[in-house]
Amino acid sequence: MRPSIRGALPSLIAVVALFAIWEGACRGFGIRPFILPMPSLIAAETWGAWPVVLNHTLATFGTVMWGFAASVLISLPLAMLIASSPAISAAIYPLLVITQSIPKVALAPILIVALGANELPRIIVTFLVAFFPLVVGTVAGLLATPPELIELGRACRAGKLQELLRIRLPFAVPFVFGGLKVAAALAVVGAVVAEFVGADAGLGYLIQTSMAFFRTPLAFGAVVLLAAMGIVLFQAVSIAERVLFPWSSGADRPVA
Amino acid sequence: MIRLDRVSKSFGSVEALQDVSLTVAAGEFVAIVGASGCGKSTLLRLVAGLVPTTAGRVVLGGTAVTEPRADTAMVFQAATLLPWADVLRNVTFPLRLMRKAKGKMLGDTEARARALLATAGLAGFEHRLPRELSGGMQQRVAICRALLQDPRVLLMDEPFGALDALTREEMSLELLRIWQGREMAVVFVTHSIPEAVLLADRVVVMSPRPGRIAEIIEVGLPRPRSFEQEGSPAFQRAAQRIRALIYGGRVAHAA
Ligand SMILES: Nc1ncnc2c1ncn2[C@@H]1O[C@H](COP(=O)(O)OP(=O)(O)OP(=O)(O)O)[C@@H](O)[C@H]1O
Ligand SMILES: [Mg+2]
């Protein structure tokens, strides 16, 4: 625990310093709160509306988790499929790149018209924003297995399935977690994008309605909560990696 | 035990091996030397059943080799350990993969693995991860992994190539000690002529483009072998002859 606290100290100091400068600048230059509210005001307003804010936070968190789960459930098999043969890879990859080139903000209203104003289009948009790095990371991991390890498997009479499950997949774990960390952060972005377009709850919705009524501090509060959610999810993935696959978070892991 | 019958192997237009015939007796120790690219690794991979021959056939214990066999084990130049598995699970990996170590068998396999690791000087390291070991220790684990399969044929492709000279000598003698207690044919590829002569009953010298056997040298040194024998006339004669074959006599005339 000690070393992790010491490791977090610099970032903590940086955040505190940032807020301090922000607060000082707002007071010093007399910036009006509906343009740039100071941190103390943001905290007070957000706290004042906390039952509502909590509901919105939970709504967004739900969308994020469903979208993240969908990303994991679809990306991993998809990556295995892509890594299994160059032909499949050549067929699927361009399609994936197309889904990434389409602005999700443009896609969201279309999905809402098609699927109705419920949770599903928001989950799909979240998924579309989050899943790509996970696929790319996992494919990279599956293909990065050293040829000697593959040959060892073959010398031990392993079939294709055994090779995938016993050699390629474990080898890809650090890469998968690299992708999971990016996907976790992007899922938050995706959920907010979807809420901007069509939602009656969620932090994205809160930001929009607050701004409409010039309640800028509340909108800023929602932004801070979104950032916190991203950090928590990212850390949760990191902790899961350390607990479940201690060998993965060691010396020569790929940069995530 | 192993018989290569006029074996050729091409990769596209590259002829890696041409018309190679070689017999290795059960329990014999054969070293293969030759310039880089003359097909030594290819020869091993043919015997291992990892690649098919283009012409000719490889026969092992009376049956033609068409796929990897359970009684053949291979050691590569790099240790190629599973980074996620500890030493013990790395050593038992092939047997677990071949489903020869399940249920009650697993306990027995692990006991044998521990004993083997102990003879390789790795007692107490059973639950370390590969990255916590030195290069020499990792290679020892890889050799233990091959030996645990109790192979009748052990194929080693420059197994000590990545090690420093001291570790290398130490491990050569260790390998000989282990081999002496078993009925196991060894085919050992190396770039070191002294290593080949010290270890082998016979040294196969190969010539490149296309890969062929230039000559097979009988090393008439008594066993058990030791480094003192390096000074003996028989050792010098064999080493000299191999050098002459590889460099086409150039070295013999140089000094
Ligand atoms: N999988 C392959 N595909 C195409 N060519 C190959 C393949 N494997 C080997 N070769 C070619 O066959 C020839 C012999 O290669 P091989 O690896 O057997 O040589 P080697 O004697 O082991 O060399 P070294 O001492 O450098 O390890 C080389 O020309 C190499 O380019
Ligand atoms: Mg080679």
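Residues 171–198 of chain A run 41 Å between their end C-alpha atoms, and the span is 96% helix and 0% strand. (Helices, H or I with at least four residues, and strands, E with at least two, are DSSP runs numbered from the N terminus.) Residues 64–83 of chain A have end C-alpha atoms 27 Å apart, with 100% helix and 0% strand. Both stretches appear in an unreviewed UniProt entry, which lists 64–83, 95–117, 123–144, 171–198 and 218–240 of chain A as "transmembrane region". UniProt positions follow the numbering used here, feature names are shortened, and annotations may be inferred rather than shown by experiment.

Please keep in mind that this is a predicted model, where local features need pLDDT of at least 70, side-chain atom pairs count only at pLDDT 80 or more, and totals for chains, interfaces and linings use all residues. Residues are numbered from 1 along each chain as its sequence is written, chains are lettered from A and ligands numbered from 1 in the order in which they are written, and side-chain values use heavy atoms, without hydrogens and water.

How confident is the model in chain A? The average pLDDT (the predictor's confidence in each residue, from 0 to 100) is 89, and 95% of the residues score at least 70. Among the elements of chain A, helix 3 (residues 50–84) has the highest mean pLDDT, 95, and helix 1 (residues 2–29) the lowest, 85. Over residues 251–256 of chain A, pLDDT stays under 50, and the model has eight contacts beyond four places in sequence for them; a contact means heavy atoms within 4.5 Å.

Now to the empty space inside. The structure holds three cavities of 30 Å³ or more. A cavity is a set of points on a 1 Å grid over the protein atoms alone where a 1.4 Å probe fits but cannot get out, and lining residues have an atom within 4 Å of a point. Grid points are joined across faces, edges and corners, and a volume is the space filled by probe spheres set on the points.

| Cavity | Volume | Lining by class |
|---|---|---|
| Largest | about 80 Å³ | seven nonpolar, no polar, two charged residues |
| Second largest | about 50 Å³ | seven nonpolar, two polar, one charged residues |

Ala, Val, Leu, Ile, Met, Phe, Trp, Tyr, Cys and Pro count as nonpolar, Asp, Glu, Lys and Arg as charged, and the others, Gly among them, as polar.

The lining of the largest cavity includes Arg140(B) and Glu174(B). Domain 1 (2–71 + 151–254) and domain 2 (82–150) of chain B both contribute lining residues, so the largest cavity lies between them; the domain bounds come from an automatic or database assignment. Lining the second largest cavity are residues including Cys156(A), Thr72(B) and Arg145(B).

Definitions and conventions. 1 Å grid on protein atoms, 1.4 Å probe; cavity = no way out; pocket = protein on both sides within 12 Å on 5 of 7 lines; lining within 4 Å.
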